[in-house]
Amino acid sequence: MAPRLQLEKAAWRWAETVRPEEVSQEHIETAYRIWLEPCIRGVCRRNCKGNPNCLVGIGEHIWLGEIDENSFHNIDDPNCERRKKNSFVGLTNLGATCYVNTFLQVWFLNLELRQALYLCPSTCTDYMMGDGIQEEKDYEPQTICEHLQYLFALLQNSNRRYIDPSGFVKALGLDTGQQQDAQEFSKLFMSLLEDTLSKQKNPDVRNIVQQQFCGEYAYVTVCNQCGRESKLLSKFYELELNIQGHKQLTDCISEFLKEEKLEGDNRYFCENCQSKQNATRKIRLLSLPCTLNLQLMRFVFDRQTGHKKKLNTYIGFSEILDMEPYVEHKAEPSKSQTRKPKCGKGTHCSRNAYMLVYRLQTQERPSTAVQVPAFLQELVDRDNSKFEEWCVEMAEMRKQSVDKGKAKHEEVKELYQRLPAGAEPYEFVSLEWLQKWLDESTPTKPIDNHACLCSHDKLHPDKISIMKRISEYAADIFYSRYGGGPRLTVKALCKECVVERCRVLRLKNQLNEDYKTVNNLLKATVKSSDGFWVGKSSLRSWRQLALEQLDEQDGDADQSNGKMNGNTLNKDESKEERKEDEEELNFNEDILCPHGELCISENERRLVSKEAWSKLQQYFPKAPEFPSSRECCSQCKILEREGEENEALHKMIANEQKTSLPNLFQDKNRPCLSNWPEETDVLYIVSQFFVEEWRKFVRKPTRCSPVSSVGNSALLCPHGGLMFTFASMTKEDSKLIALIWPSEWQMIQKLFVVDHVIKITRTEGGDASPSETQYISEPKLCPECREGLLCQQQRDLREYTQATIYVHKVVDNKKVMKDSAPELNVSSSETEEDKEEAKLDGEKDPDFNQSNGGTKRQKISHQNYIAYQKQVIRRSMRHRKVRGEKALLVSANQTLKELKIQIMHAFSVAPFDQNLSIDGKILSDDCATLGTLGVIPESVILLKVSSGSAPAGFRGFSRVDWVRRWLRFPGPWQVVATSYCCESAASLDELPET
């Protein structure tokens, strides 16, 4: 079958020779493609959307022929969820809880630990009723031990293939969506379990954790001078092994136990020698637990980049590990103690393993299997019965789905053969509904043909591409079984839409010829009495407007087709497009005034002849019509006349004010408080905002509104007192006020409305100090409001959120680290002294960044002044970056420790290597907030990188503890995500799954 566009052109080809009034029933049926040949299965590969008679490729292939019963349902066989004989029970991964499941399986396989937990007394006696368990209540463990008991019982005797540990995970408060530190989880949970079991009376239960997992080693320090040994005994539950640079597990253990020399600054203070001496330090294993836990530290801290990195080193290990050469014996050393360890059979190699667990081979295993207590076995039996009921229910649902699918199969096979409509009566059904009817995965809904209707409630001819013509027999069965409507029979073919479409197509074909005709008519001269007014913009684009108007129906059809095919447009996008279309002017609407009449500007319109207007009116029948005799809008004429009068009045007022106050307008011969003029003893004050607005009006009187009042109330407090001192008006507040000569003030009082008179009078001193000059303001200064203003300004600098500060990385307080921030290497001609002076001036400025903080505060006595400042001050507070400097967003309540973490992200410098200072003051208190430390917005903090290391410890163990203690790392129950770890610290989000 031909493509859809070719079928559409063939369906409307007759419109080129047939006028709209000559359209017949044959033309209508051709437009609706009634008599197109139907497609044949096997010849047509896919459905032809342009052919309503093509019923191939709509989903019928899955129903024709024999069908497997399993295709009638999406329910898996419940027996697949059943535990196989002689197999273990698994645990469900709740998202990122694979590490928890791993430990649960390891602890479950420890028979001694399992037996001890079974011996723990349970608090489920309230759950028991008589000799059995309450049927109406679900068992909920209350303690960690009860959770482990129930999980172990299910792992031992459940019929399920896997069980859900969500109750246990929820009891621990773990985040199932975040991968956490497995090593840290093992340590803290063992500590929690040991603390819980220590309260038991049974010694076999109370000491089970220490018996199974606890070993002992000693830190041994030997003085090289006197040979004295100093031992510090310590218990361990796991050994943390460094794998960097090693390929075998035995090499990692050897490095863990090797000697360390204490020399130079790290010399050891010997109590025997009573002085610092060179010494050696090492670890001696005294005893090993029954279950040995070896932690492979795959995550280290890279000091060069400042970030953690994972070691993907392959580590070889054997199934049997000989630890005898590493353990110290009480007897005299023998050859067996110094021999190299042997590698057992079954050697493995892994690059992802981060934990190895070995069990003591010589330990006597329990002679009998661990028995589940009766109350736990009863709980397991009840869970098994629920599982069996679920299996029966799923099997029944599978059977119902199969029966329903078979019935649907018979229905489709019967009806599909009767779908094609030949010469017999026919109806139209949407292709989308037929496809859903043949889709086994979705239930069949009632037929809905409303989206395919035209404005005459008949089948739209442009929707025929998404409709299918079926027999009346099949339509009757569809509507009787599924309902819906309206039914689209042969009477649903819309003649009105076909005629309109014929007219549009003919106009499209005629448009090019009419365009040339109109252009020729526009060249002819038109008499003023004969013609019509047309907008010049409309004349320039009338052909494009005509094409868009003619294609509008096609565009609507395409949009509806997309909706029927499931490509529904976004509601917001369609609303915006519709709004834009409404805002676009239609033909000849560009000469409409706001009152809907002819506009008064003749530059925007042109007179055309009657012949040209009749041609244009064929394409734009609804365009506004303005004969040449039509008068312009009377209201617009009145408004134009009033506007001209107002402009003239404003020009006159501006000229008069400029003539009266020439020096104030040109900012010439202005008085200054710091250098008081000798010719006067009185100066008046107005706000600088008033002067600037007045100058704008005088410069552009036709664009700006005239200034009528001075508005000095913004310079006063609510009590009527002045907000500025004489000293502040000579310095920082000088940009907020304007000084006026007495002669100018008399003119201002005549030209403007003055709400408050503010003046400063110079007087000579009295008898006490006759040579001292005094300056008195009227009204007088309000001390309370002035003090409140200064306090508020200082408070604004100390209370801020999301403000910008700058961190400057230096070396030796002079040389800038260029490589730290290559993106900030910009040229600058300023010296460091100039930049420092500029920074200090900015900090002393009382108007410095007053709007910072982002939170609204209630002003007590200077609301008007603050609002006035925000209107007047337009000073640029932009900080100029230099090389080696980065901007950070901080808040006043943020601690210095949090700032150091931000700096670590920006400069890749660990917190313990950061030396921070501001204005020569060292910042060292990590718990103090930035506000209390004097860090204000736009501050520059100097960062000097320390070349030393973190606090020293033994073998990195104290280093790890120090980092975690500095970050206050709480453990896996309430994990704080850190951005780095030290050499032995593991990652929280990159641990491999087990």
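**Cavities and a helix pair**

A search of the whole structure, which is a predicted model, turns up three cavities of 30 Å³ or more. The largest cavity holds about 100 Å³ of space. This briefing covers the lining of that cavity and then the packing of helix H5 against helix H7.

**Lining of the largest cavity**

- The residues that line the largest cavity are Phe103, Val106, Trp107, Ser186, Met190, Phe213, Tyr237, Glu238, Thr291, Asn293, Met355 and Val357.
- By class, eight of the lining residues are nonpolar, three are polar and one is charged.
- At least two lining residues come from each of these elements: helix H3 (98–108), helix H7 (182–197), strand S12 (291–297) and strand S17 (355–359).
- H3 gives the largest share of the lining, with three residues.

**Helix H5 against helix H7**

- H7, which supplies at least two residues of the cavity lining, also packs with helix H5 (residues 144–157).
- The angle between H5 and H7 is about 105°, and their axes lie 10 Å apart.
- Because angles of 65 to 115 degrees count as roughly perpendicular, H5 is roughly perpendicular to H7.
- On the H5 side, the residues in contact are Ile144, Cys145 and Leu148.
- On the H7 side, they are Phe189, Leu192, Leu193, Thr196 and Leu197.
- This contact of H5 with H7 has seven nonpolar residues, one polar residue and no charged residues.

Conventions
Residues numbered from 1 in each chain as written. Predicted model: local features only at pLDDT ≥ 70, side-chain atom pairs only at ≥ 80, totals over all residues. Heavy atoms only, no water. 1 Å grid on protein atoms, 1.4 Å probe; cavity = no way out; pocket = protein on both sides within 12 Å on 5 of 7 lines; lining within 4 Å. Points joined across faces, edges and corners; volume = space filled by probe spheres on them. Helix = DSSP H or I, 4+ residues; strand = E, 2+ residues; numbered from the N terminus. Nonpolar A, V, L, I, M, F, W, Y, C, P; charged D, E, K, R; others polar. Axes fitted to C-alpha atoms, helices over the stretch in contact; angles between N-to-C directions. Parallel < 35°, antiparallel > 145°, perpendicular 65-115°, else oblique. Contact = heavy atoms within 4.5 Å.
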